[in-house]
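Here's a walk through one protein model, pocket and all. Have a look at the chain below, then read on.

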Amino acid sequence: MPLDRRSGCPINLSLEVFGDRWSLIILRDMIFGGRRHFRELLNHSMEGIASNILADRLRRLLELGMLTKADDPTHKQKAIYSLTEMSIQLVPIMAQLGAWGRVWLPVSEELSIRAELLEKGGPALWDRFMDELRHEHLGIGAQKPVGETVRAELQAAYEAVVARKTAAVTA
């Protein structure tokens with residue numbers, strides 16, 4: 001899909017890819033949530049994406065080369081979406097967006113804990129996470145991690161905050 005090239009400015013061109021309300025959210029859910037099927041992306045979106053919008057954005061991300069789509073070997077009527085290297089390279093950008101949002105916007109503790117850990121982990125953690133994503137989505141790179149994955153570490157931190165807040169409310 002060709003971009004509307006209003007200028008050759010890299011910020012403008014990036015906004016022409018990500019300037020809509022949903023593309024980064026879909027990629028976020030794939031990267032951090034491990035969601036790879038249409039229904040997972042639709043039913044587990046905190047922001048409540050409509051099915052027609054999801055279908056349109058997935059099509060656009062496919063056309064831009066940010067995702068690939070293949071038949072799911074476990075179910076004939078399902079497709080599985082995979083990140084491309086272009087999308088995997090967004091991890092540092094998403095980490096920086098989360099870090100900025102934590103400072104300047106009214107975030108919730110449970111939904112910002114992942115951003116905090118990514119910020120504190122810095123480039124070493126981002127590289128480890130990108131390697132894990134390459135293994136998961138592209139079938140390349142290092143073997144499956146021996147210990148807990150970055151995604152699992154981030155999810156565990158989220159669940160710990162939720163559990164602590166729930167315990168405080170019920171106490």
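## The largest pocket

Let's start with the largest pocket: 30 residues line it, and I25, R28, E47, G98 and L111 are the ones nearest its centre. Helices α2, α6 (91–104), α7 and α8 (150–170) are the elements that each give two or more residues to that lining. The space inside comes to about 1100 Å³. As for chemistry, the lining splits into 14 nonpolar, 7 polar and 9 charged residues.

A few ground rules on the words used here. A pocket is found on a 1 Å grid over the protein atoms alone, as an open set of points with protein on both sides within 12 Å along at least five of seven lines, and a lining residue has an atom within 4 Å of a point. Grid points are joined across faces, edges and corners, and the volume is the space filled by probe spheres set on the points. Ala, Val, Leu, Ile, Met, Phe, Trp, Tyr, Cys and Pro count as nonpolar, Asp, Glu, Lys and Arg as charged, and the others, Gly among them, as polar. Helices (H or I, at least four residues) and strands (E, at least two) are DSSP runs numbered from the N terminus.

## How far to trust it

This is a predicted model, where local features need pLDDT of at least 70 and side-chain atom pairs count only at pLDDT 80 or more, while totals for chains, interfaces and linings use all residues. Residues are numbered from 1 along each chain as its sequence is written, and side-chain values use heavy atoms, with hydrogens and water left out.

The protein chain has a mean pLDDT (the predictor's confidence in each residue, from 0 to 100) of 92, with 95% of its residues at 70 or more. Among its elements, helix α1 (residues 10–18) has the lowest mean, 85, and helix α5 (residues 85–88) the highest, 98.

## Helix α2 and its aromatic partner

Helix α2 is largely enclosed by the rest of the structure, because 8 of its 11 residues are buried (under 20% relative accessible area with a 1.4 Å probe, protein chains only; exposed is over 50% and partly exposed in between). Those buried residues are S23, I25, I26, L27, D29, M30, I31 and F32. Just after α2, G34 takes a positive phi of about 70 degrees.

How many aromatic pairs are there? The count is 1, using rings of Phe, Tyr and Trp (its six-membered ring) with centres within 6.5 Å; planes under 30 degrees apart are stacked, over 60 edge-to-face and the rest tilted. F32 and F129 make up a tilted pair, with 5.5 Å between centres and 40 degrees between planes. F32 lies in helix α2 (residues 23–33) and F129 in helix α7 (residues 109–138), so the pair ties together parts 97 residues apart in sequence. Both phenylalanines, F32 and F129, are buried.

## Other spots to check

V17 lies in helix α1 and counts as buried at 11% relative accessibility. Its C-alpha atom is 9.0 Å from that of R60, though V17 and R60 are 43 residues apart along the chain.

E132 sits in helix α7 and is also buried, at 12% relative accessibility. From E132 to K76 is 27 Å, C-alpha to C-alpha, with their positions 56 residues apart in sequence.

Technical notes. 1 Å grid on protein atoms, 1.4 Å probe; cavity = no way out; pocket = protein on both sides within 12 Å on 5 of 7 lines; lining within 4 Å.
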